[in-house]
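Reader: I would be grateful for a close look at one part of this protein, set in the context of the whole model.

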Amino acid sequence: MKTIGSSVSRNSVLTINLLLAMALLLAACGKPPEAPARNAQGADAKPAAAASAPTGTLNLYNWNNYIAPETVERFEKQFNAKVQQTYFSDNDELLAKLAAGATGYDIMVPTSNALEILIKKGDLARLDPAKLPNLKNVKPEFLNTPFDPGNVYSVPYAYSTTVLGYNDQKLQGAGIDVRGTEVIFEAKIACKLKGRITVLDSPDEVFSAAFIYLGIDPNTRASDDYKRAAELIKKAKPCWAAFNSSSYIKEMSAGNIWLALGYSVDFFQANQDAAAAKQSFKIVAVVPRQGAVLSVDNMVIHKAAPNPDLAHAFINFMLDGQNGSELTNLIGSGSANAAAIPFIKPEIAANPSIFPDAAAVQKLSQLQLLPSELRLERGRLWTEIKVR
């Protein structure tokens, strides 16, 4: 900048006064905008918000086949991140690993009754609602549950229902109208299909179905209720082919099993497999008129998550409508995300076992934890049922 000496012309003075006036005017109006910052290579620097966006590796501990590949790819691209997935087969495996000291997980996806254990043990980090603006997309009936009041630790991810699935041709031919669980618990009906019925190999699910059929709260703590349910199951068991949680999808799509107590997502898959095999029948799923069990899986952050900021970003990302719809379109899971509904295939959105109507929703129950002594008693009854 040129220095002005003591001997200056009139024009210089006028120029200086003009410059001073302009400076005062600019000060009064605010600081003029600065030129964009430049990096070492001379390119414009990224905005601060983009520069502070979380990135890195997200360690996701999930059920197998429980996120669409295109969803993972979109997340990785948007956040310049890598999703590293490991899998568990049931909630007991997840709980056992954590109890043994396993760490390194950012996001985990436990079912609500396992969530209750994780909260009580102090295994989870509290969520930051300010980082989850898409939480507004969750349907109100899936929030503020007894498992996590106020959703301090969890956000719903996906759900399934435990329902009845059947071969439409075979059941019509047998003259059986599948509306409720009487078709598996009343021997006079069930034995018309003897050898063609399976129920889940799960005391949680079979006892709960029996309770609901008997008009008993599936979360009952009464020992006598368990004995009543066990007697009902024992009387119906001779009509059933098997307790089966692993191969009933294949058996139904092949036409070997005609009626089953199973999961809505599995019946969706069985029907797809039957269609792919060009079977003449369909596998239809129905929520029993008496009611059913609802299983909600939730996104949570481990208390020692290596990347909690990216974990929050993932949860918020999954609560976007399109991102949240892709799992439903892939496997037929239910979605608690209201913003996802417009992106879900119409035939799935119209499936009443995946998206029950308001009346059916009122009859859905989530299972709570049983006291240890009652779990032992139920285990003893379950063994009696299985060996009889």
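In which helix does T383 lie? Please begin there, and then continue to the aromatic pairs and the second largest pocket.

Author: T383 lies in helix 17, which spans residues 372–387. The model is a predicted one, and the description that follows should be read accordingly. With a relative accessible area of 46%, T383 is partly exposed, because this class lies between the limits of 20% and 50%. T383 also comes together in space with a distant part of the sequence: 180 residues separate T383 from P203, yet their C-alpha atoms are 9.7 Å apart.

The wider setting is as follows. The protein contains 17 helices and ten strands, and 48% of its 388 residues are buried. Among contacts between residues at least 6 apart in sequence, 74% join residues at least 24 apart. The accessible surface comes to about 19700 Å², and carbon and sulfur atoms account for 54% of this area.

The aromatic residues offer further detail. One aromatic cluster is formed by F185, F207, F211, Y213, Y226, W240, F243 and W382. A pair of aromatic rings is described by the distance of the centres and the angle of the planes. With centres within 6.5 Å as the condition for a pair, the count comes to 19 aromatic pairs. In one of these, the ring centres of Y61 and Y105 are 4.3 Å apart and the planes meet at 5 degrees, so the pair is stacked, the limit for this class being under 30 degrees. Y61 belongs to strand 1 (residues 56–63), whereas Y105 is in the loop between helix 4 (91–99) and strand 3 (107–108); the pair thus links distant parts of the chain, 44 residues apart. Both Y61 and Y105 are buried.

Y159 and F355 form an edge-to-face pair, with 6.5 Å from centre to centre and 85 degrees between the planes. This pair, too, links distant parts of the chain: Y159 is in strand 4, F355 is in the loop between helix 15 (346–349) and helix 16 (358–361), and the two positions lie 196 residues apart in sequence numbering. Y159 has a relative accessible area of 5% and is therefore buried, the limit being under 20%. F355 likewise counts as buried, at 14% relative accessibility.

Attention may now turn to the second largest pocket, which holds about 460 Å³ of space. Its lining consists of 24 residues, and those closest to its centre are E141, F142, L294, V296 and Q366. Helix 5 (112–121), strand 4 (155–167), strand 9 (292–301) and strand 10 (364–365) are the elements that each give two or more residues to this lining. Strand 9 supplies the largest share, three residues. By character, the lining of this pocket divides into twelve nonpolar, ten polar and two charged residues.

Helix 5, one of these lining elements, also has buried residues, including S112, N113, A114, L115, E116 and L118. The cover over the buried residues of helix 5 includes helix 4 and strand 9. Strand 9 therefore appears in two roles, as part of the cover of helix 5 and as a contributor to the pocket lining. After helix 5 comes G122, which has a positive phi, near 75 degrees.

Notes. Residues numbered from 1 in each chain as written. Predicted model: local features only at pLDDT ≥ 70, side-chain atom pairs only at ≥ 80, totals over all residues. Heavy atoms only, no water. Helix = DSSP H or I, 4+ residues; strand = E, 2+ residues; numbered from the N terminus. Buried < 20%, exposed > 50% of the residue type's maximum accessible area, 1.4 Å probe, protein only. Contact = heavy atoms within 4.5 Å. Areas by Shrake-Rupley, 256 points an atom, 1.4 Å probe, with all protein chains shown as cover. 1 Å grid on protein atoms, 1.4 Å probe; cavity = no way out; pocket = protein on both sides within 12 Å on 5 of 7 lines; lining within 4 Å. Points joined across faces, edges and corners; volume = space filled by probe spheres on them. Nonpolar A, V, L, I, M, F, W, Y, C, P; charged D, E, K, R; others polar. Phe/Tyr/Trp six-rings, centres within 6.5 Å; stacked < 30°, edge-to-face > 60°.
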